[in-house]
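Student: I am new to this structure and would like a close look at a single part of it, the surroundings of the ligands. Please explain the terms for helices and strands before you start, and take the description slowly.

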Amino acid sequence: MNIAANPTTDANQTIFLKDYQKPAYLVDSVELDIQVYADHSQVNSVLKMQRQAPGDLILLGRDLELRSIRVNGQLLGEADYRLDTEQLVILAAPDQALVEIEVLIHPESNTMLEGLYQAGGDLFVTQNEPEGFRKITFYPDRPDVLSTFTTRVEADKKYPVLLANGNLIEKGDVGEQRHYAIWQDPTKKPSYLFACVIGDLDVLRDQYTTSEGREVALEIYAISKDIPKCHIAMQALKHSMRWDEEHYGRPYDLDNYMIVAVSQFNMGAMENKGLNIFNTSCVLADEEFTTDAAIMRVQSVIAHEYFHNWTGNRITCRDWFQLCLKEGLTVFRDQSFSEDLQSAAVQRIDDVAVLKAHQFPEDAGPLSHPPRPDHFIEINNFYTATVYEKGAEINRMMATLLGKEKFRLGTDEYFRRHDGQAVTVEDWIAALTAGSGVDLSAFLLWYNQPGTPKLHVQGQYDAAAQSYRLSFKQSLKANAKYPDLKALPIPVALAMFDAQTGEQLTLNCDALVENQVKDAVYLFDQDQVTIEFYGVKQQPVLSLLRNFSAPVNLEFDYSDTELAQLLQFESNGFNQWQATQTLLERILLDDHPAQIYLDAIKTTLPAIVERDPLLASRLFDVPSESYLASRIDHDYQPEVVREKREQLLQALAQTLAGWAKSCYVSLDPAAQTDFSQAMGVRALKNIMLSLLARQGDADVFTMAHQQYISTGNMTERLGALRILHWYNAPQAEAALQDFYQRYKDEALSLDQWFSLQAAHPQVTAEKIAYLTSHPDYDLGTPNRFRAVIGGLNANPVNAWSFGVANIVELSVYLDEKNPIVGSRILQLLSRWYTLAEPKRSEVQQVLVQLQSQFKSKNMIETINSMLQV
Ligand code: TRP
Ligand code: ZN
């Protein structure tokens, strides 16, 4: 037997970037025939292959039942190939090989939601990034093999919709019961972008004319009752198409663009060529059923997947180490799009909040890795905040440094050079450099080094010389896996304000990228340096790292008073927010007195509420307990953090007591003409309710209940329900019941019902058990179990006590059923080592036990890393 006679490929081996080799064979064209039956599917493929380098003809495949294989018409016997659990090697293959393969697969029992899988009763879909295609058929399943795909899909007529990438070229019946469709994708693509969909879905249609005059048919597929919830996504799609033409000169290239909404999906969405597949949570948007935050997310994910058509699909990655090439750039692009959509400052606040809450802690702990790692075991474990969010920040830094015009010249050059290719991060930097005329090669370091740099800055005013000196120093934390760390190029956007009048000053300093301006950027790229500003008439108030111009931890010795002044003076909304957050961290983590903060909020915010409700809603942010925890590296006691935060919120509620009520009453979302501002008003109303509830206002539950019943808007209804439930109002139980009755058939709304209860600050183990044994709880639907585990995790006090058992139990279940998601759930425990004893050792013991129990390489790699501290 082949399998026994040959050493099998080790699925758990570490893959290194330095070992990259070109594939020995390329695929000119692929024909696929996918026949779906109730208890199996049959996949026949014809690959026209051609040698391009020395080496074996290797086809990757996992969990496939091989029926037959032919090369140039000859049926192969077992002696002609080598097959193991990972791959099929055709021995002595000719240089030109027409490879025909028949396999059987089982999408109906595929719980990993990877490859072809049944997503509920009436739907089959694919998810092939990064390595799912090898679960559909044997194939050189790697991103540097590009080919044209022709796909025949055949299924029972109870599935009227048969889709694949590209253009529909034929359809017809197969007997009475079955039918087929043939699709042809004219663009060469890697296998991870292949998709097909078989199901009973309805469709929303629209169309779009590109800047080149191409008529594009737009289609969003969903179950019938969800079609009315697809309009916002459709608008966002058209908007994205126009935006990419205007900002990057990139028109769409096919005659159709399809999006399919799926409720069982591992992540947010997938950019398959011309046939995006979306988690319902990232495409369905409707004020009645989904929140404002979800609506904003839908628009940014629609844009993200659309933008991948150029950054990801037409120009793809050479290998998976380059993942941040497509993800970092596409996230930067979708963030820029969203900045144009709502307020740029608020979008930046929200994006930086995510970066700081997820990426900074990831980079400070055992799972830290560079945006472009140099080794991995399971690539699915590297779809991380570091690859996506820090990757986006690297592109933003280069864009900030270049300015709009030069950055555009750089991206133009990238598209000109590499359209149709599978490339590397080096290629990207080289094209940006050539196009812009500015040497950006030092930014490669950001891709290759892990860790969040510390940026220490010191200021000194010299009244006699009327000069202000600013000293910069950067330090990087040593990392055993990446020992050779070099100084990074850090663009520091900065401004100075007159301490009395708050007026923004013109800067005189030769070291700036542009001198004699008010909004300046200094490129700090050494270990340490001092620069000097001239003609400074008196001690100024400095504002550093405006708009968060670099993903670093800034240490600057602001006084609390200066931070309060920045809240007042700064014209950059992001830095107003940053000033409040820095003040709050000092109060909550370093025991600074709260009074300056409370006074500043009380004097400054009411006016901002009038002027810009959306920004004002963010300026009320108080760092979450989880965020605060991420700033504590030793002896973390969740109860202590909660207690301090509660005290501060209590003081804030008292400070704003009288005003909060009148503010609540005066705010009217319906009076807003603009969606963003209406969103701000709704957020503010909910904030006011929680301030009033804390303060024990006698009418607050009546007001919240009134808001709950009188609104048709999910943000308002859910906000009110949260107050009622979390503060144990007399109306809470009935309102929860009512919410369930209204939305029991609306999966995304029901997710909120689960999440809100799991996130109750005093939730009990019994309540969690009630939720996880509820008839609507579903371990096959990531959205549903994530609603519960994510809600629970919102309160570290609960998550680190009885919650550990919930996280562990779910991880063990998912190790077998869905390790891609399981690995992410397990990571909720990755900061165990920061806990104070005895909890630290308790959790450690639990993890060590899991280490010997896990079977999937996803979970094994993750737990091994988590324990290496
Ligand atoms: N490429 C997708 C995106 O960022 C993300 C992705 C990777 C994905 N693997 C996935 C989505 C698995 C769903 C399932 O747009
Ligand atoms: Zn992406």
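Tutor: Strands here are DSSP runs of E with at least two residues, helices are DSSP runs of H or I with at least four, and both are numbered from the N terminus. This is a predicted model, and every value below is computed from it. As an example of how the numbering is used, Gly-121 sits in the loop that joins strand S10 (115–118) to strand S11 (123–127). Gly-121 counts as exposed because its relative accessibility is 52%, where exposed means over 50%.

Turning to the part you asked about, ligand 1 is surrounded by 14 residues, and the closest of them are Glu-129, Glu-271, Glu-305, Glu-327 and Tyr-388. Sorted by class, this shell is made of 6 nonpolar, 3 polar and 5 charged residues. Three elements, namely strand S20 (269–270), helix H3 (292–307) and helix H4 (323–341), each contribute at least two residues to the shell.

Some of the approaches to ligand 1 can be followed atom by atom. A polar atom in the side chain of Tyr-388 is 2.6 Å from an oxygen atom of ligand 1, while for Glu-305 the distance from a side-chain N or O atom to an oxygen atom of the ligand is 2.8 Å. His-304 also takes part, with a polar side-chain atom 3.4 Å from an oxygen atom of ligand 1. On its own, ligand 1 has 370 Å² of accessible area, and the protein covers 97% of it.

His-304 leads on to the zinc ion, ligand 2, whose protein donors are NE2 of His-304, NE2 of His-308 and two OE atoms of Glu-327, at distances of 1.9 to 2.7 Å. Read along the sequence, these donor residues follow the spacing H-x3-H-x18-E. The zinc ion has 6 donor atoms around it, and because the angles they subtend run from 49 to 159°, the arrangement is irregular.

Which of the two histidine donors are buried or exposed? With buried meaning under 20% relative accessible area, His-304 is buried because its value is 7%, and His-308 is buried as well, because its relative accessibility is 0%. Two residues thus link the parts of this picture: Glu-327 is listed among the closest residues to ligand 1 and also among the donors of the zinc ion, and His-304 has a polar side-chain atom 3.4 Å from an oxygen atom of ligand 1 while its NE2 is a zinc donor.

Technical notes. Residues numbered from 1 in each chain as written. Chains lettered and ligands numbered in written order. Predicted model: local features only at pLDDT ≥ 70, side-chain atom pairs only at ≥ 80, totals over all residues. Heavy atoms only, no water. Near = heavy atom within 4 Å. Polar contact = N/O pair within 3.5 Å; in protein donor to acceptor, adjacent residues only side chain to side chain. Areas by Shrake-Rupley, 256 points an atom, 1.4 Å probe, with all protein chains shown as cover. Nonpolar A, V, L, I, M, F, W, Y, C, P; charged D, E, K, R; others polar. Donors = N, O, S within 2.8 Å, 3.2 Å for Na, K, Ca; no water. Tetrahedral: all angles 85-135°; square planar, octahedral: opposite > 155°, others 65-115°. Buried < 20%, exposed > 50% of the residue type's maximum accessible area, 1.4 Å probe, protein only.
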